[in-house]
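Biologist: Please show me how to read aromatic contacts in a model.

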Amino acid sequence: MEANWDRSIFIFISCPTEPLCFSLQRPKHPTSKTSTETFVMPIHFHLKQPLRVPLECDELTPNQLTDKSLSEIKNRPVFYGRRQKQITDVFEVTGDNADELEFYGDLTKFRGLGRRMSSGRITVHGSCGMHCGAQMTGGRIAVDGSVDDWLGAEMKNGTIIVRGNAGKGVGAAYLASSSGMKNGTIIVHGDADQEVGRKMRRGTIVIRGKAGDLAGLQMIGGTIILKEAIGDHIGAWMKKGTIVCLQAPTTNEFFAECCEYSPTFLSIYAKHLQQYDVTLPTIHHGGQWLRFIGDTSRGGHGELLIWKSASAEDSFAGRAVS
Amino acid sequence: MSRSPIIDDTFAEAFPMMATRLIITAADETFVQTAATEFCGNASSVIGCNCEAAIEHFLTAEETIDGRPGVSILAFAFDQGSLQKAVSSRVGQNVLTCPTTACYSGLLPSESQKKIKVGALLRYFGDGYQFSKKLENRRFWRVPVMDGEFVCEDQFGIVKGVGGGNLILTAANQATAIQAARQAVTAINKLPDVILPFPGGIVRSGSKVGSKYPSLRASTNHLWCPTLKGECDSDLQPEEMTVYEIVIDGLSEAAVANAMKVGTDALSQHSGVIRITAGNYGGKLGPFHFHLHKLSN
């Protein structure tokens with residue numbers, strides 16, 4: 001018996017490692033199956049109307065929803081402003097594979113999307129609010145638009161990819177917290193505001209656009225890669241870790257110049273980041289890296305690596321053309 | 001008139017060993033070859049060396065983790081502790097010292113549950129100036145040296161491998177036997193997950209357990225020495241004047257069995273080979289038995 005298809009849905013996946021688009025044919029009755037295959041669809045959350053006040057729901061993560069039926073998911077509580085509502089009051093929910101969640105609509109007032117998630121995938125076809133992916137321990141988040149402050153704050157593992165811009169505190173520690181992100185990867189294809197990687201301990205952050213002031217503030221470890229113009233006071237008070245700059249930042253007397261060389265470990269990063277459409281220069285491209293150590297005002301042993309191209313034309317700085 | 005060699009109805013007896021794979025990269029193929037050769041030196045047999053090691057195959061820049069030319073090496077030892085000691089010592093003395101090199105684990109976490117410390121031990125050479133970098137679930141140490149940094153992965157995965165698979169060939173003279181042995185070595189060297197740890201992959205001094213001298217653990221396999229045919233109850237036929245052995249170590253029983261099959265096929269195609277056989281201890285010591293007549297299965 002053939003399923004009665006209504007229309008094709010083209011879903012654009014923002015993650016560069018996925019095919020750019022694929023067609024899903026959705027049957028009229030979600031439970032319709034062919035005799036030989038089971039059709040499984042990600043759970044779709046379509047915003048019913050624009051959000052007027054902040055929305056929070058820590059349960060909207062794949063690991064929390066994985067053993068729940070669609071009706072149970074629809075009845076889960078959300079906090080819309082001061083009021084507690086149900087998910088179905090805010091979103092139209094369809095689908096049956098809780099390992100993959102897809103959100104549609106302007107979610108700039110949705111705070112904490114993907115917070116503490118540990119597995120699965122979340123895709124946001126729009127922009128997203130604060131604390132996106134904060135404290136996550138695994139899984140993957142992809143955002144088509146921009147995100148607000150505290151993207152991936154204190155995350156322990158996982159991957160976050162943002163096509164647009166990010167606010168303050170990417171991968172950072174919350175105030176009064178001793179460390180920021182401890183592992184994982186954050187890729188921001190647009191610009192980022194201040195304090196990228198504040199107190200980060202480990203992990204990798206890539207900002208393909210401009211980075212605001214105080215990038216790498218109080219860094220304890222990890223790697224920040226900045227491809228375009230960088231604000232002031234880069235690496236202030238950093239103890240350890242690496243900030244890789246493809247455009248020369250303004251350094252001060254608290255960063256001591258060491259040498260020019262070709263660090264082998266950056267070749268590892270260059271190859272690893274290719275899957276995220278991020279290119280780094282390697283020894284094959286000529287040029288060298290200038291190494292600085294600091295922040296010496298705090299006895300820090302962090303390093304600043306600044307690309308010094310051999311040729312006038314340098315194709316590594318700047319964001320990708322989408 | 002050419003004839004197929006006799007294949008004895010016997011088996012090779014092999015033993016479990018702990019094994020690891022290392023990837024060494026460098027700025028160019030010359031230093032890759034140099035580092036690999038130095039690492040694999042004095043690594044023919046655990047009878048007298050601290051491990052058995054040899055080059056598995058060379059890698060292009062596209063195949064390595066850092067995009068530079070590289071080589072894959074397999075190393076084997078009796079147990080995890082011995083393997084760790086041998087590998088970390090060899091990397092420290094022969095790879096770290098070689099210009100532009102870096103060293104990584106060749107077994108992914110999904111392929112091995114146990115690990116040995118390599119970079120975790122060598123990092124101390126940095127005298128406190130070393131850096132650690134963690135990328136996803138892999139940690140790398142960056143040790144400052146005079147040409148920049150030596151990068152070495154913190155821990156290397158290990159697996160239970162098989163050591164001591166073997167093929168023995170006989171021929172009417174040395175030149176023919178060498179030619180045939182090299183043919184088999186060339187064929188086996190194309191296979192993944194196996195190495196031939198002896199010089200050129202060929203053993204000329206096959207040994208037996210024990211000796212008339214109490215301090216020696218092994219001595220010449222006198223029953224297979226052609227010059228002693230008249231002095232002992234030789235296992236050689238009158239026309240057999242030269243014997244060579246090919247010892248095979250592999251990451252799995254299947255890999256060794258496949259290598260033995262490929263080697264047997266290569267020897268069978270050489271008209272100068274009189275007999276193909278294998279060495280064993282009556283089946284009482286090693287749990288892995290590779291029967292020559294069953295290799296095609």
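Modeller: What follows covers ring pairs and charges over rings. The model is predicted, so local features need pLDDT of at least 70 and side-chain atom pairs count only at pLDDT 80 or more, while totals for chains, interfaces and linings use all residues. Residues are numbered from 1 along each chain as its sequence is written, chains are lettered from A and ligands numbered from 1 in written order, and side-chain values use heavy atoms, without hydrogens and water.

Biologist: What describes a pair of aromatic rings?

Modeller: The distance of the centres and the angle of the planes. Rings of Phe, Tyr and Trp (its six-membered ring) pair if their centres lie within 6.5 Å; planes under 30 degrees apart are stacked, over 60 edge-to-face, the rest tilted. That rule gives 10 aromatic pairs over all chains.

Biologist: Why is the pair of Phe91(A) and Phe110(A) tilted?

Modeller: Their planes stand at 40°, with the centres 6.4 Å apart, so the pair is tilted. Phe91(A) lies in strand β7 (residues 91–94) and Phe110(A) in strand β9 (residues 110–111) of chain A, so the pair ties together parts 19 residues apart in sequence. Strands are DSSP runs (E, at least two residues), and helices are too (H or I, at least four), numbered from the N terminus.

Biologist: Which cluster do ring pairs link?

Modeller: Phe45(A), Phe91(A), Phe103(A) and Phe110(A).

Biologist: What is the geometry of Phe265(A) and Tyr269(A)?

Modeller: Edge-to-face, 5.7 Å centre to centre and 85° between the planes. They are 4 residues apart in helix α4 (residues 264–273) of chain A, so about one helical turn separates them.
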